[in-house]
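Q: Could you take a close look at the disulfides in this one for me? I'd like to know what they link and how they sit.

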Amino acid sequence: MAMITVTKSLLPILAIVLLFSTTVNSQGLVVGFYNSTCPNAETIIRNEVIDILTKARTLAGPLLRMFFHDCFVNGCDGSVLLNGTKTDPAERDSIPNLSLRGFSAIDKVKAKLEAACPRTVSCADIVAIVARDVVVLTKGPTWDVLTGRRDGNRSVSNDALANLPPPFVSAQQALNQFYIPKGLDAKDQLVLSGGHTLGTSHCSSFNDRLYDFNKTNKADPRIDRFYRKKLEDKCKPNDQTTLVEMDPGSFLTFDNGYFKQLAKRRSLFFSDDTLMLDPINRAYIKRQALNGADTTEFFTDFAASMIKMGNIGVLTGTQGEIRKHCALVNK
């Protein structure tokens, strides 16, 4: 499948292409699933995403991240959107998800779709399409989003804690414990990590690398010393609130900049930094770093891995439900 970079001027053409696509996969997902039941669904979503990013550009990264955090926990079923209670905390209440943002943006998209096509478009599909659209609108690649997912009704805090790869494990540990069990491979892990080109992270996700790496009271020796000094200026010990750009100077644009940072040992996360220890990964990262503005290889690979990740544990047919409100299981 050829991947292209899409600007706003090409969005109407993209909408027409998507409308008449008929690709079906083995999980029962279909490109153009809503063609007859809600033919303007993807256009409605895209217009809302444009409006959202016009008002809050920094939501692009979090909305992309939301798709990852949904799919890695019980599959791509919209369960990350469900509200929990004090006695029954949901996925979004789990420590790895406390920094997630963009729930109100998803609610805004869902409200528009409910007005046009009541109880038709799943929250799980909304999250998947929004992730594609924020990538496109930040100058990244496009891909045909397979749709037809239904919404799950299980959302348990401990599930998120057990299934989301933390930033402090090695890339090999993350691959073995989190990616491979979900049907993703080392190439998927590498290119999906490139999604860190968008957005920010809290200091708490990497402060141990600055001040107490492996309980040594010292910094991680792998971090470039000039980069470490800049991070130390921003993040003091025990800082839980400060946000740092994951791809400095380019965190609002989807490009190959994060690989350029990785090649210089200027990544925030230990898990990403240790991708460089694998010779195949290292060759890929260095190739992207030397590619300059040529993002063709990375964009093609990222789109393919996003499609693959979007197949994890999906509910289709009569499974699950179509929620009226994404935060609430239907009564």
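A: One definition before we start: a residue is called buried when its relative accessible area is under 20%. Also keep in mind that this is a predicted model, with a chain average pLDDT of 92.

A search of the whole structure turns up four disulfides. Let's start with Cys-203 and Cys-235, whose sulfurs sit 2.0 Å apart. The S-S dihedral there is -70°, making the link left-handed. Cys-203 is in the loop between strand S3 (200-202) and helix H9 (207-211), while Cys-235 is in the loop between helix H10 (225-234) and strand S4 (243-245), so this pair ties together parts that are 32 residues apart in sequence. Both Cys-203 and Cys-235 are buried.

Next up is Cys-38 with Cys-117, at 2.1 Å between the sulfur atoms. This link is right-handed, with 80° about the S-S bond. Cys-38 belongs to the loop between strand S1 (30-31) and helix H2 (41-55), and Cys-117 to the loop between helix H4 (103-116) and H5, so the bond connects parts 79 residues apart in sequence. Cys-38 has a relative accessible area of 1%, so it is buried; Cys-117, at 10%, counts as buried too.

Then there's Cys-71 with Cys-76, sulfur to sulfur 2.0 Å. That link is right-handed, at 120° about the S-S bond, and both cysteines are buried.

As for the overall pattern, number the bonded cysteines in sequence order and you get 1-4, 2-3, 5-8, 6-7.

One caution on the model: pLDDT stays under 50 over residues 1-22. Where pLDDT is low, the predicted coordinates shouldn't be read in detail.

How values were computed
Residues are numbered from 1 along each chain as its sequence is written. This is a predicted model: local features need pLDDT of at least 70, side-chain atom pairs count only at pLDDT 80 or more; totals for chains, interfaces and linings use all residues. Side-chain values use heavy atoms; hydrogens and water are left out. pLDDT is the predictor's confidence in each residue, from 0 to 100. Contact means heavy atoms within 4.5 Å. A disulfide is a pair of cysteine sulfur atoms within 2.5 Å. Helices (H or I, at least four residues) and strands (E, at least two) are DSSP runs, numbered from the N terminus. Buried means under 20% relative accessible area, exposed over 50%, partly exposed in between (1.4 Å probe, protein chains only).
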